[in-house]
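Here are some short exercises to work through with the model open beside you. Try each task before reading its solution.

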Amino acid sequence: MVKKYIVQVKYSHLSKPTLFTTDIEDLKIGDAVLITTERGEEIGTIASKPTNIENFSSRIDASSIIGRPTETELHIHKDNLKRAKDAIKIASAEANKLNLGMNFIDAEYTLDASKLVLIYTAEGRVDFRELLKILTQRLHTRIEFHQIGARDKAKETGGIGPCGRELCCLSFLKSFDGISINRAKNQQLSLNNAKLSGSCGKLMCCLLFEDDTYTQEAKNYPIIGSTIKKDKVTYKVLGFNIISQTIKCEGPEGIVFLKLKDIKK
């Protein structure tokens with residue numbers, strides 16, 4: 001039977017919402033649903049309103065929602081969340097004994113508890129074979145390790161950025177590609193690692209999604225090192241500030257800041 005609706009479901013703390021099909025039309029954001037993933041049966045959370053599948057022009061390759069979980073399944077899921085927290089403590093203690101340098105930040109059980117995914121950060125690759133043997137014996141389930149980076153950890157733990165707002169990675173950013181020091185240079189920022197670093201210790205994500213705007217606006221300014229004239233006086237361009245729309249120049253009387261609108265005139 002062809003499903004009528006498409007809906008987004010989030011079932012892992014670190015994964016993006018995934019498309020699922022369903023016949024349930026009254027699903028609301030935040031509702032719990034029973035789904036099947038590559039890990040097995042899990043409880044997911046609705047992340048979007050159901051959309052009629054006919055609104056999609058192309059064929060949607062998506063799994064089907066099994067249905068709404070029973071009270072028993074919800075109780076099992078709640079118990080699994082508690083067990084996952086205990087698993088983190090056990091895994092951390094055993095990893096420390098082996099000096100593996102693993103920092104466990106999350107754990108997730110499948111609904112039937114036949115599999116446990118342990119999420120961690122580390123400086124480099126980790127040989128966790130001995131740890132896997134120990135935890136399998138102690139926790140009596142199949143175990144999978146999932147290493148993530150510092151940015152993913154910040155997204156998982158959340159927080160407030162230096163701008164005073166919720167971290168971008170938590171609120172709307174979906175990927176962290178292409179964030180390099182060249183972005184800071186392009187925006188003529190002071191190359192001070194402390195000021196350019198976010199809560200994760202890496203370069204702030206805002207360097208990425210503001211970069212195109214800076215690149216476009218920079219076309220309105222003279223090239224650094226070139227000369228410009230104002231009131232018959234010649235100045236050498238040392239830099240410019242897109243926010244204040246000023247140009248830093250060196251002239252006969254030293255350093256001056258000229259307004260972009262005055263130069264255009």
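**Exercise 1: two aspartates**

Asp262 belongs to helix 9 (residues 260–264), where helices are DSSP runs of H or I with at least four residues, strands are runs of E with at least two, and both are numbered from the N terminus. This is a predicted model, in which local features need pLDDT of at least 70, side-chain atom pairs count only at pLDDT 80 or more, and totals for chains, interfaces and linings use all residues. Residues are numbered from 1 along each chain as its sequence is written, and side-chain values use heavy atoms, leaving out hydrogens and water.

Task: classify the accessibility of Asp262 and of Asp79.

Solution, step by step:
- Recall the cut-offs: buried is under 20% relative accessible area, exposed over 50%, and partly exposed in between (1.4 Å probe, protein chains only).
- Asp262 has 31% relative accessibility, so Asp262 is partly exposed.
- Asp79, in helix 1 (residues 71–97), has 38% and is therefore partly exposed.

**Exercise 2: the sheet**

Task: work out the strand order of the open sheet and find its edge strands.

Solution, step by step:
- The 3 strands run in the order 7-8-9 with mixed pairing; two strands pair if DSSP finds at least two bridges between them.
- Strand 7 (103–109) and strand 9 (142–147) are the edges, each pairing on one side only.
- Strand 7 pairs with strand 8 (residues 115–121) in the antiparallel sense, over 6 bridges.
- For one bridge, take Glu108: its partner in strand 8 is Val117.
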